Amino acid sequence: MKKKYLSESIMKYVFLVSALTSIFAIVLICFFIFGESMPFIKKVGLTNFIFGKDWAPVDVPAQFGILPMIIGSIYVTIGSIIIGVPIGIFTAIYLAKFCPKKLYNFLRPCIDLMAGIPSIVYGFFALVVIVPMIRKAFGGTGMNIVTASILLGIMILPTIITLSESAINTVVDSYYEGSVALGASHELAVMGVVVPAAKSGILSSVILGIGRAIGETMAVYLVAGNQPIIAKSIFSGTRTMTTNIVLDMAYASGTHRDALIATAMVLFVFILLINLIFNLIKRGVNNGK
């Protein structure tokens, strides 16, 4: 009994240290980003930085407006949601409730493989396959918001499919069995009872998918066009906040480097707000059950 009590006490502290380590990492990241950004924000002005339309860090005088990058990030994120979320959720429903076992044994490893493919590989795929298709269909360079949205929509599929399928499978069988016993067809029982019961988990998968989409860098860098201007249409090139940081950080110094760190701060706050909004929606969904 003493050995058992000792091992349980040790594991309790191991779990506590692990949790505190995660919290410490987040606090350290916040401290660095906000600490490095505040002097620049005070110098340039938050309004000029957030709503400025010109990004010209090497000009005299230098311009550090990131509004085009903020709008670009919003455009490609919304585009990826429109493309990736419906496909991901419907695929998860099919795998969980409609897919034959033999086909499932083939599709499931493929989806797991998609999750392990490096971002740069996705980027090269889009550069070689999607960009020429968009160029041929709509003209221009093919490197634009639509291309980046399609790419990100594909990239978030494994996250949404895997987590949504798990959420659907965790719904107790009595929900399905009860609806069928009342006369519902298989399709109606799944879509009308099982899927709504799993909506909290499905929403969580969407949140994580959006987090990946808005934080993606290298793949978007290859296909978005990287133009620091406000796009006039979905077939115009754009630049996201992440690609803006990657493009300039290699040679940035002084105020220019501080501006890039401040861009990371805005991105960090942006992701926090998105998570907060979706968590509020999720809480409302749970309360409405």
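**Exercise 1. A salt bridge between two helices**

Does Arg257 count as buried, partly exposed or exposed, and what is the relative accessibility behind that label? Classify its salt-bridge partner as well, and locate both residues in the chain.

Solution. The structure is a predicted model.

Step 1. Residues under 20% relative accessible area are buried, those over 50% are exposed, and those in between are partly exposed.

Step 2. Arg257 has a relative accessibility of 33%, so Arg257 counts as partly exposed.

Step 3. The partner of Arg257 in the salt bridge is Glu36, and the closest N and O atoms are 3.9 Å apart. A salt bridge requires a distance within 4 Å, and the pair meets that cut-off because the value is 3.9 Å.

Step 4. Arg257 belongs to helix H13 (residues 255-287) and Glu36 to helix H1 (residues 2-44). The two residues are 221 residues apart, and the pair links distant parts of the chain.

Step 5. Glu36 has a relative accessible area of 31%, so Glu36 is partly exposed.

**Exercise 2. A network of charges**

Find how many salt bridges the structure holds, and work out which residues are joined into one network.

Solution.

Step 1. The count for the structure is 3 salt bridges. The bridge between Arg257 and Glu36 was treated above.

Step 2. Arg108 meets Asp112 in a salt bridge with an N to O distance of 2.9 Å. Both residues are part of helix H4 (residues 101-116), where they are 4 residues apart, about one turn of the helix.

Step 3. Arg108 also meets Glu165 in a salt bridge, with 2.9 Å from N to O. Glu165 is in helix H7 (residues 157-169) and Arg108 in helix H4, so this pair ties together parts that are 57 residues apart in sequence.

Step 4. Arg108 has 14% relative accessibility and therefore counts as buried. Asp112, with 43%, is partly exposed. Glu165 is buried, as is Arg108.

Step 5. Because the salt bridges share partners, Arg108, Asp112 and Glu165 form one network.

**Exercise 3. Aromatic rings**

Describe the geometry of the pair Phe40 and Phe64, and state which residues make up the ring cluster that includes them.

Solution.

Step 1. A pair of aromatic rings is described by two values, the distance of the centres and the angle of the planes.

Step 2. The whole structure contains 5 aromatic pairs. One of them is Phe40 with Phe64, with 5.5 Å from centre to centre and 85° between the planes.

Step 3. An angle over 60 degrees counts as edge-to-face, and the pair of Phe40 and Phe64 is edge-to-face.

Step 4. Phe40 lies in helix H1, while Phe64 lies in strand E2 (residues 63-64), so the pair ties together parts that are 24 residues apart in sequence.

Step 5. Phe40 is buried at 2% relative accessibility. Phe64 is also buried, with a relative accessible area of 10%.

Step 6. Ring pairs link Phe40, Phe49, Trp55 and Phe64 into a cluster.

**Exercise 4. A nonpolar patch on the surface**

List the residues of the nonpolar surface patch, and find which helix supplies its largest share.

Solution.

Step 1. The patch is made by Ile120, Val121, Phe124, Met218, Tyr221 and Val246, and its area is about 470 Å².

Step 2. Helix H5 (119-138) and helix H11 (218-223) each supply at least two residues of the patch. The largest share, 3 residues, comes from H5.

Step 3. Met218 is found in helix H11. A patch residue must have over 30% relative accessible area. Met218 has 33% and is partly exposed.

**Exercise 5. The chain and its annotations**

State how many helices and strands the protein chain has, and compare the UniProt annotations with the model.

Solution.

Step 1. The chain has 13 helices and 2 strands. Of its 289 residues, 39% count as buried.

Step 2. An unreviewed UniProt entry gives the annotation "domain: ABC transmembrane type-1" for residues 70-278. In the model, this span is 79% helix and 0% strand, and its end C-alpha atoms are 19 Å apart.

Step 3. The unreviewed UniProt entry also places the feature "transmembrane region" at several spans, including residues 115-134 and 259-281.

Step 4. Residues 115-134 are 90% helix and 0% strand, with 25 Å between the end C-alpha atoms. For residues 259-281 the values are 100% helix, 0% strand and 33 Å.

Definitions and conventions. Residues are numbered from 1 along each chain as its sequence is written. This is a predicted model: local features need pLDDT of at least 70, side-chain atom pairs count only at pLDDT 80 or more; totals for chains, interfaces and linings use all residues. Side-chain values use heavy atoms; hydrogens and water are left out. Patches are made of residues with over 30% relative accessible area and no salt bridge: like charges are joined within 9 Å, nonpolar side chains (Val, Leu, Ile, Met, Phe, Trp, Tyr) within 5 Å. Accessible areas come from the Shrake-Rupley method with a 1.4 Å probe; for residues, only the protein chains shown count as cover. A salt bridge is a side-chain nitrogen of Lys or Arg within 4 Å of a carboxyl oxygen of Asp or Glu. Buried means under 20% relative accessible area, exposed over 50%, partly exposed in between (1.4 Å probe, protein chains only). Rings of Phe, Tyr and Trp (its six-membered ring) pair if their centres lie within 6.5 Å; planes under 30 degrees apart count as stacked, over 60 as edge-to-face and the rest as tilted. UniProt positions are given in the numbering used here, feature names are shortened, and annotations may be inferred rather than shown by experiment.
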